[in-house]
Amino acid sequence: MHRNGIDAARLGTARCSSCAIRDLVLFGDLHDQDFDLIHIPIDELRLQHGATLYSAGDEGGSLYTIRSGLVKLVQFLPDGTQRIVRLLRQGAVAGLEVLVDKPYEHTAVVLQETETCRLPRAVVERLSKETPRLHARLMERWYQSLHQADEWLTELSTGSARRRLARLFLKLAADAPNEPVLLSGREDLGAMLGVGMETASRTIAEFKRAGLVAERAPNVFVCDLSALEAVALDG
């Protein structure tokens, strides 16, 4: 299925009131009667690695809430290179800028198979006006987005490549510290850290030799979190 630039398997119309992760997503604070205000279908989509949710500069008609998976927000620089400015995981909202009549600021690309709900802008605007609970949640998400962008700039764009990579591993492991960390390719890794692909590959190899991470499968790493914390602090 191809719709609004997305190649995806449409899972059906979302039932927000019974969502399994309702407490994490944008509509988490809504009451049952609030859902009666939704008259435009909210689609559930499953997207594969490499799929594009939307592209920078597109006029947006939808927001997207991430139910599972991992999505990167990409900024393309004048020289043609890309910089990954943020990663979106479960519970995150992409495309908030459309609520203030702005085109999408970044290109949103799936890094790991992702399930997302596509929220029509008209639905979110109506609920925001008529349901103070949603308006408060939207303001909270704006703040989170700004905070995450600042945090990303500070933690992953400063210091040595070793410190940046250690911080990235720690970020990716934060939600499930006992589970392996899945990285994307070396090119994406360099774009996240603001270093060249060769530097990214060399630093990964150094971490493996030092026992900081162990690669159990291609791009799947078991991490020594305490050792990575030491590198992140002292590098």
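**Helix 6**

I began with helix 6 (residues 225–234), where I looked up which residues are buried and found Leu 228, Val 231 and Ala 232. By buried I mean under 20% relative accessible area, with exposed being over 50% and partly exposed in between, using a 1.4 Å probe on protein chains only. Helices here are DSSP runs of H or I with at least four residues, strands are runs of E with at least two, and both are numbered from the N terminus. The three buried residues cover an arc of only 100° around the axis, so they sit on the same side of helix 6; the arc is that of the directions from the helix axis to the C-beta atoms. On the other side of helix 6 I noted Ser 226, Leu 233 and Asp 234 as exposed. I then asked what the buried residues of helix 6 pack against. They pack against helix 3 (161–173), helix 5 (197–209), strand 11 and strand 12, where a contact means heavy atoms within 4.5 Å.

**Basis of the entries**

I am working on a predicted model, in which local features need pLDDT of at least 70 and side-chain atom pairs count only at pLDDT 80 or more, while totals for chains, interfaces and linings use all residues. Residues are numbered from 1 along each chain as its sequence is written, and side-chain values use heavy atoms, with hydrogens and water left out.

**The chain as a whole**

I recorded six helices and 12 strands in the protein chain. Of its 235 residues, 46% count as buried. Among contacts between residues at least 6 apart in sequence, 72% join residues at least 24 apart.

**Strands 11 and 12**

Since strand 11 and strand 12 had come up as partners of helix 6, I looked up how they are arranged. Strand 11 (residues 213–217) and strand 12 (residues 220–223) pair in the antiparallel sense over four bridges, pairing being taken as at least two bridges found by DSSP between two strands. Val 213 stands opposite Cys 223 in strand 12. The hairpin has two residues between the strands, and Asn 219 takes a positive phi there, near 70°.

**Positive phi**

Most residues other than glycine have a negative phi. Asn 219 is not a glycine, yet has a positive phi of about 70°; at 21% relative accessibility, Asn 219 counts as partly exposed. I also noted Asp 101, likewise not a glycine, with a positive phi of about 60°. Asp 101 lies in the loop between strand 8 (93–94) and strand 9, and at 57% relative accessibility it counts as exposed.

**Salt bridges**

How many salt bridges does a search of the whole structure find? I got eight, counting a side-chain nitrogen of Lys or Arg within 4 Å of a carboxyl oxygen of Asp or Glu.

Arg 118 forms one of them with Asp 43, the closest N and O atoms being 2.9 Å apart. This pair links distant parts of the chain, with Arg 118 in strand 9 (residues 107–120) and Asp 43 in strand 4 (residues 43–47), 75 residues apart. I checked whether the partners are buried or exposed: Arg 118 counts as buried at 4% relative accessibility, and Asp 43 counts as buried at 3%.

Arg 67 forms a salt bridge with Glu 44, with 3.7 Å between the closest N and O atoms. Arg 67 lies in strand 6 (residues 62–76) and Glu 44 in strand 4, so the pair ties together parts that are 23 residues apart in sequence. Arg 67 is buried, with a relative accessible area of 17%, and Glu 44 is buried with 16%.

The side chains of Asp 188 and Lys 72 meet in a salt bridge at 2.6 Å, N to O. Here Asp 188 is in helix 4 (residues 186–193) and Lys 72 in strand 6, 116 residues apart; Asp 188 and Lys 72 are both buried. I also noted that Arg 46, Glu 113 and Glu 115 are linked in a network of salt bridges.

**Cavity**

Rolling a probe the size of a water molecule over the atoms shows where empty space is left. A search of the whole structure gave me one cavity of 30 Å³ or more. I took a cavity as a set of points, on a 1 Å grid over the protein atoms alone, where a 1.4 Å probe fits but cannot get out, with lining residues having an atom within 4 Å of a point. Grid points are joined across faces, edges and corners, and the volume is the space filled by probe spheres set on the points. About 40 Å³ of space lies in the largest cavity, and the residues lining it include Leu 70, Leu 172, Ser 184 and Met 192.

Methods. 1 Å grid on protein atoms, 1.4 Å probe; cavity = no way out; pocket = protein on both sides within 12 Å on 5 of 7 lines; lining within 4 Å.
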